[in-house]
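The following exercises are to be worked with the sequence and the coordinates at hand. Each task is followed by a solution in steps.

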Protein chains: 2
Amino acid sequence: MLNRQVLLARRPQGWVTQADFRLVETPLPELAEGQVLVRNRYLSLDPYMRMRMNDTPSYAPKVELGQLMVGGTVGEVIDTRSAALKNGDIVSGLLGWQLYAAERPERLRRIDTPIAPLSAYLGVLGMPGVTAWVGLELVGPPKAGETVVVSAASGAVGSVAGQIARIRGCRVVGIAGGSEKCRHVTADLGFDACLDYKADNLADALAAACPDGIDVYFDNVGGRIFDLVLERLNPFARICVCGQVSQYNETEPYATRNLRSLLVNRVKLQGFIVSDHMALWPPAMRDLSAWLSAGKLHYRETVAHGLDHAPEAFINMLRGDKLGKQVVKLD
Amino acid sequence: MLNRQVLLARRPQGWVTQADFRLVETPLPELAEGQVLVRNRYLSLDPYMRMRMNDTPSYAPKVELGQLMVGGTVGEVIDTRSAALKNGDIVSGLLGWQLYAAERPERLRRIDTPIAPLSAYLGVLGMPGVTAWVGLELVGPPKAGETVVVSAASGAVGSVAGQIARIRGCRVVGIAGGSEKCRHVTADLGFDACLDYKADNLADALAAACPDGIDVYFDNVGGRIFDLVLERLNPFARICVCGQVSQYNETEPYATRNLRSLLVNRVKLQGFIVSDHMALWPPAMRDLSAWLSAGKLHYRETVAHGLDHAPEAFINMLRGDKLGKQVVKLD
């Protein structure tokens with residue numbers, strides 16, 4: 001029995017291509033004392049991975065050439081040299097783009113009684129959902145009646161951020177690419193409005209959709225949309241900088257013009273990464289689980305089948321071709 | 001006896017000129033019941049006034065054409081129809097570019113026992129000093145051993161912000177325009193280093209002066225320097241956006257490139273205006289007064305004489321021609 005892994009073969013120049021990855025077969029990892037062997041069932045594909053492929057320093061170490069691509073996973077314990085986990089236990093972790101991994105239990109999170117399909121623990125009940133909760137709670141927090149704008153609104157994080165803001169009683173305006181996504185964001189996720197950034201008139205559309213200005217911006221994209229939002233902020237607005245996906249593939253960063261708004265409106269802005277706030281994971285999961293069970297939180301997934309298709313699915317996700325959270329089922 | 005006032009004659013296009021102002025003589029204001037008449041002794045000239053001359057919406061109402069220029073003042077009560085203040089009381093307030101004003105006592109601040117010349121209550125013991133204290137306290141706060149960068153370091157706010165950070169045990173690097181200001185900032189104010197932004201190599205100089213990166217940036221200028229500082233921020237850096245004086249005279253805003261740093265370094269940034277935080281005025285004044293009395297806080301003033309010279313002095317201040325806090329003695 002062999003492990004299969006996707007390695008970083010070369011650093012992308014601009015857009016990622018399949019040739020930036022290499023699929024290899026390797027021996028199963030040997031278990032050290034205290035470790036368990038996990039057979040991954042689902043792999044999460046997320047925008048942050050694009051940053052890790054670059055040579056630029058970032059908040060987390062880059063992936064080295066020839067090394068395993070990083071990624072969140074859900075899987076099953078199939079061998080154990082630890083008393084903390086037994087065979088058959090379901091665990092989430094950061095085990096990367098591979099079928100099997102040896103890991104210590106304290107770096108895994110046991111999913112005791114799943115209340116949703118396992119893949120949801122990579123999305124609405126996983127890192128993206130918790131990211132949305134933490135960002136709003138930490139940087140927002142949005143008050144009932146305020147206007148909240150969410151970019152990448154149909155994505156794994158944005159879709160949850162906007163729904164939480166709705167639950168909190170806010171007017172929620174999404175921004176997404178294309179009419180199908182926008183329809184999904186309003187019809188399925190219940191946002192008050194969704195703007196298509198590929199349309200010509202985003203500045204006008206934003207003004208029309210936010211007649212009372214913008215109080216909270218949950219930013220997943222950076223760049224031009226960030227700049228446009230700055231123009232519509234209200235005094236004492238808050239900006240959660242959660243992602244800058246519009247910039248990850250750019251070789252030249254976007255030149256932002258409207259920073260005057262930060263002073264004029266006394267804006268509070270914070271860049272954040274969920275892994276800095278792990279103490280908030282349990283309260284976030286309590287809320288998210290309760291809302292999901294109560295039917296207040298909706299999600300959509302795009303499922304690729306087989307590790308071989310992970311690179312293609314990743315590229316499609318970065319292009320924004322698909323709706324909802326991108327996962328790979330590791331059959 | 002007549003009042004003399006400086007009015008906004010026209011809105012500046014780019015740089016302010018003397019023709020943007022008009023000096024007029026008007027009757028003394030009549031006192032309504034509950035008001036006092038103040039003879040202003042000093043007028044404060046500050047960068048924020050430049051923004052008020054524009055037609056653009058900002059955090060405070062613009063000055064209308066033909067109306068009195070806004071500004072902080074220190075003066076003496078010379079007539080009173082209120083029990084709250086008596087003749088001879090010294091008060092600071094926002095009475096504008098004029099010799100006399102009628103005002104209600106609750107909009108004035110009585111200076112009971114001055115511990116410094118009255119003009120200091122427009123600088124180190126006034127709005128600029130309190131602004132520095134509030135910005136650092138609210139957005140920083142800087143911890144001993146951290147590196148704090150302050151732009152417009154020889155200015156009324158920056159000079160105090162940097163000295164407070166020194167008192168707090170930080171390494172403090174100023175940025176100022178020209179070698180004379182830089183000498184003042186290090187030799188007289190005790191900053192660890194001061195960089196001349198008019199020199200060619202600001203990016204290199206910043207890297208050299210901040211070998212451990214930047215933890216707190218007290219920003220008075222915005223624009224290019226803000227962009228350069230972003231490149232050197234440490235994880236969990238904080239940015240107080242207190243002013244953007246480099247932009248006030250520009251018709252096109254600077255295009256900022258390095259916003260990626262906000263996410264990568266999980267930066268907390270906040271635009272703030274001291275008037276939103278008046279509850280912090282008393283603790284700020286306690287600290288500033290104690291430090292000044294103890295010789296831990298130093299300041300420099302540039303004094304213009306006579307209201308007629310206020311426009312010229314204001315223009316010089318915006319150009320950065322002078323050292324320290326600009327005031328006008330209203331003889």
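**Exercise 1. A helix pair**

At roughly what angle do the axes of helix α2 (residues 127-139) of chain A and helix α9 (residues 281-293) of chain A cross, and within what distance do they come?

Solution. The model is a predicted one.
Step 1. The two axes come within 9 Å and cross at roughly 105°.
Step 2. Angles from 65 to 115 degrees count as roughly perpendicular. α2(A) and α9(A) are therefore roughly perpendicular to each other.
Step 3. On the α2(A) side the contact involves A:Gly129, A:Val130, A:Trp133 and A:Val134, which meet A:Trp281, A:Ala284, A:Met285, A:Asp287 and A:Leu288 of α9(A).
Step 4. Sorted by class, the residues of this contact are 7 nonpolar, 1 polar and 1 charged.

**Exercise 2. The overall form of chain A**

Determine how the radius of gyration of chain A relates to the value from the globule rule.

Solution.
Step 1. Chain A contains 10 helices and 15 strands.
Step 2. For 331 residues the globule rule gives 20 Å, and the radius of gyration of chain A is 20 Å, so the chain is as compact as a globular protein of that length.
Step 3. Along the principal axes, the C-alpha atoms of chain A fill a box of roughly 60 × 45 × 35 Å.
Step 4. Of the 331 residues, 51% count as buried.
Step 5. Among the contacts in chain A with a separation of 6 or more, 66% are made by residues 24 or more positions apart.

**Exercise 3. The nonpolar core**

Identify the residues that touch the most other members of the largest nonpolar core.

Solution.
Step 1. This core has 211 residues, and those touching the most other members are A:Ala310, A:Val328, B:Ala310 and B:Val328.
Step 2. Take B:Val328 and set aside residues up to four places away in sequence: B:Val328 then touches B:Tyr42, B:Leu43, B:Leu45, B:Ala304, B:Leu307, B:His309, B:Ala310 and B:Ala313.

**Exercise 4. The contact between the chains**

How many residues of chain B are in contact with chain A?

Solution.
Step 1. On the chain B side there are 27 residues, in contact with 27 residues of chain A.
Step 2. The elements of chain B that give two or more residues to its side are β12 (233-241), α8 (260-264) and β13 (268-271).
Step 3. The side of chain B that touches chain A comprises 13 nonpolar, 9 polar and 5 charged residues.

**Exercise 5. Two residues with positive phi**

Compare the settings of A:Arg266 and B:Phe236, and decide whether each is buried or exposed.

Solution.
Step 1. A:Arg266 is not a glycine, yet has a positive phi of about 50°. A:Arg266 sits in the loop between α8 (260-264) and β13 (268-271) of chain A.
Step 2. A residue is buried if 20 or more other C-beta atoms lie within 10 Å of its own, and exposed if 12 or fewer do. A:Arg266 has 20 C-beta neighbours inside 10 Å and therefore counts as buried.
Step 3. B:Phe236, likewise not a glycine, has a positive phi of about 65°. B:Phe236 belongs to strand β12 of chain B.
Step 4. Because B:Phe236 has 12 C-beta neighbours inside 10 Å, B:Phe236 counts as exposed.

**Exercise 6. Burial and position in chain B**

Classify B:Pro105, B:Arg183 and B:Pro211 by burial, and examine helix α6 of chain B.

Solution.
Step 1. B:Pro105 lies in the loop between β6 (100-103) and β7 (109-110) of chain B. B:Pro105 has 19 C-beta neighbours inside 10 Å and so counts as partly exposed.
Step 2. Apart from its neighbours within four places in sequence, B:Pro105 is in contact with B:Val36, B:Ser82, B:Ala84 and B:Leu85.
Step 3. B:Arg183 is part of helix α4 (residues 179-188) of chain B. With 15 other C-beta atoms within 10 Å, B:Arg183 is partly exposed.
Step 4. B:Pro211 is placed in the loop between α5 (202-209) and β11 (214-219) of chain B. B:Pro211 has 8 C-beta neighbours inside 10 Å and therefore counts as exposed.
Step 5. In helix α6 (residues 223-230) of chain B, 6 of the 8 residues are buried, so the helix is largely enclosed by the rest of the structure. The buried residues are B:Ile225, B:Phe226, B:Asp227, B:Leu228, B:Val229 and B:Leu230.

Technical notes
Residues numbered from 1 in each chain as written. Chains lettered and ligands numbered in written order. Predicted model: local features only at pLDDT ≥ 70, side-chain atom pairs only at ≥ 80, totals over all residues. Helix = DSSP H or I, 4+ residues; strand = E, 2+ residues; numbered from the N terminus. Rg over C-alpha atoms; globule rule 2.2 N^0.38 Å. Contact = placed C-beta atoms within 7 Å. Core = buried A, V, L, I, M, F, W, Y, C linked by C-beta atoms within 7 Å. Axes fitted to C-alpha atoms, helices over the stretch in contact; angles between N-to-C directions. Parallel < 35°, antiparallel > 145°, perpendicular 65-115°, else oblique. Nonpolar A, V, L, I, M, F, W, Y, C, P; charged D, E, K, R; others polar.
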